[in-house]
Amino acid sequence: MALDPNFVANALTSNVSFSTANTALDGTGTIQSLLTAGVSGALVFRMRVKATGTTTAGMLRLFHSTNGTTWRLIDEQAVDAATPSATVKSFSWLKTFEGSGFVLQAGHSLGISTHKAESFHATVEWGGM
């Protein structure tokens, strides 16, 4: 056990775009890496996902990997059908990690996939340890 508490050394954001359909829940198929923790680990605070066009009813899936190749499902979010216009917003999801955040150990990764081939942008707010 550490004698001194470990705090976030710097606040960071990661941005990715993804659109490849992946219906798998078992960690196979195309998963877009959101971030990989450095040698001191990372603390993830929240993630924002925004559709960049029309969406149909579907699912977004969040994955965790300990080695960058083997992914495990940790959360899902239903995607609402929406046709953005002057009066209709595109789909969005704000995922806030409970407590003091989601801890990624050194070399661990966070990834995301979409059930349908629709376009999204994701921004992850995190801190390097």
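Which residues does R61 touch, not counting residues up to four places away in sequence? In this predicted model, R61 touches N22, T23, A24, L25, L73, D75, E76, G111, I112, S113 and H115. The briefing below begins with R61 and then turns to the nonpolar core, strand β6 and the salt bridges.

**R61 and its surroundings**

- R61 belongs to strand β4, which covers residues 58–65.
- R61 has a relative accessible area of 5%, and it counts as buried because this value is under the 20% limit.
- One of the residues that R61 touches is H115, and the two side chains make a polar contact at 3.1 Å.
- E76 is also among the residues touched by R61; the side chains of R61 and E76 meet in a salt bridge, with an N to O distance of 2.8 Å.
- Because R61 lies in strand β4 and E76 in strand β5 (residues 71–79), this salt bridge ties together parts that are 15 residues apart in sequence.
- The two partners differ in exposure: R61 is buried at 5% relative accessibility, whereas E76 is partly exposed at 33%.

**The largest nonpolar core**

- The largest nonpolar core contains 23 residues, of which F18, L34, V44, M47, V49, L60 and F120 touch the most other members.
- Six strands each supply at least two residues of this core: β1 (10–18), β2 (32–36), β3 (42–51), β4, β8 (109–114) and β9 (120–128).
- Strand β3 provides the largest share of the core, namely five residues.
- L34, one of the core members with the most contacts to other members, is in contact with S14, V16, M47, L62, L110, G111, I112, A122 and V124, leaving aside its neighbours within four places in sequence.
- M47 therefore appears twice in this description, because M47 is listed with L34 among the core residues that touch the most other members and is also a contact of L34.

**Strand β6 and its pairing with β3**

- Strand β6 spans residues 92–96 and has two faces: W93 and K95 form the covered face, while S92, L94 and T96 form the uncovered one.
- Strands β3 and β6 pair in the antiparallel sense, over five bridges.
- Within this pairing, V49 stands opposite W93 of β6.
- V49 is also one of the core residues that touch the most other members, and W93 lies on the covered face of β6.

**Salt bridges**

- The structure holds four salt bridges.
- E125 and R46 form one of them through their side chains, at 2.6 Å from N to O.
- This pair links distant parts of the chain, since E125 is in strand β9 and R46 in strand β3, 79 residues apart.
- E125 counts as buried at 19% relative accessibility, whereas R46 is partly exposed, with a relative accessible area of 30%.
- K95 forms a salt bridge with D75, and their closest N and O atoms are 2.8 Å apart.
- The K95 and D75 pair also links distant parts of the chain: K95 is in strand β6 and D75 in strand β5, 20 residues apart.
- K95 counts as buried at 18% relative accessibility, and K95 belongs to the covered face of β6.
- Salt bridges that share partners join R46, R48 and E125 into one network.
- D75 also recurs in this account: in addition to its salt bridge with K95, D75 is among the residues touched by R61.

Methods
Residues are numbered from 1 along each chain as its sequence is written. This is a predicted model: local features need pLDDT of at least 70, side-chain atom pairs count only at pLDDT 80 or more; totals for chains, interfaces and linings use all residues. Side-chain values use heavy atoms; hydrogens and water are left out. Helices (H or I, at least four residues) and strands (E, at least two) are DSSP runs, numbered from the N terminus. Buried means under 20% relative accessible area, exposed over 50%, partly exposed in between (1.4 Å probe, protein chains only). A polar contact is a pair of N or O atoms within 3.5 Å; within protein, one must be able to donate a hydrogen and the other to accept it, and residues adjacent in sequence count only if both atoms are side-chain atoms. Contact means heavy atoms within 4.5 Å. A nonpolar core is a set of buried Ala, Val, Leu, Ile, Met, Phe, Trp, Tyr and Cys residues joined through side-chain atoms within 4.5 Å. Two strands pair if DSSP finds at least two bridges between them.
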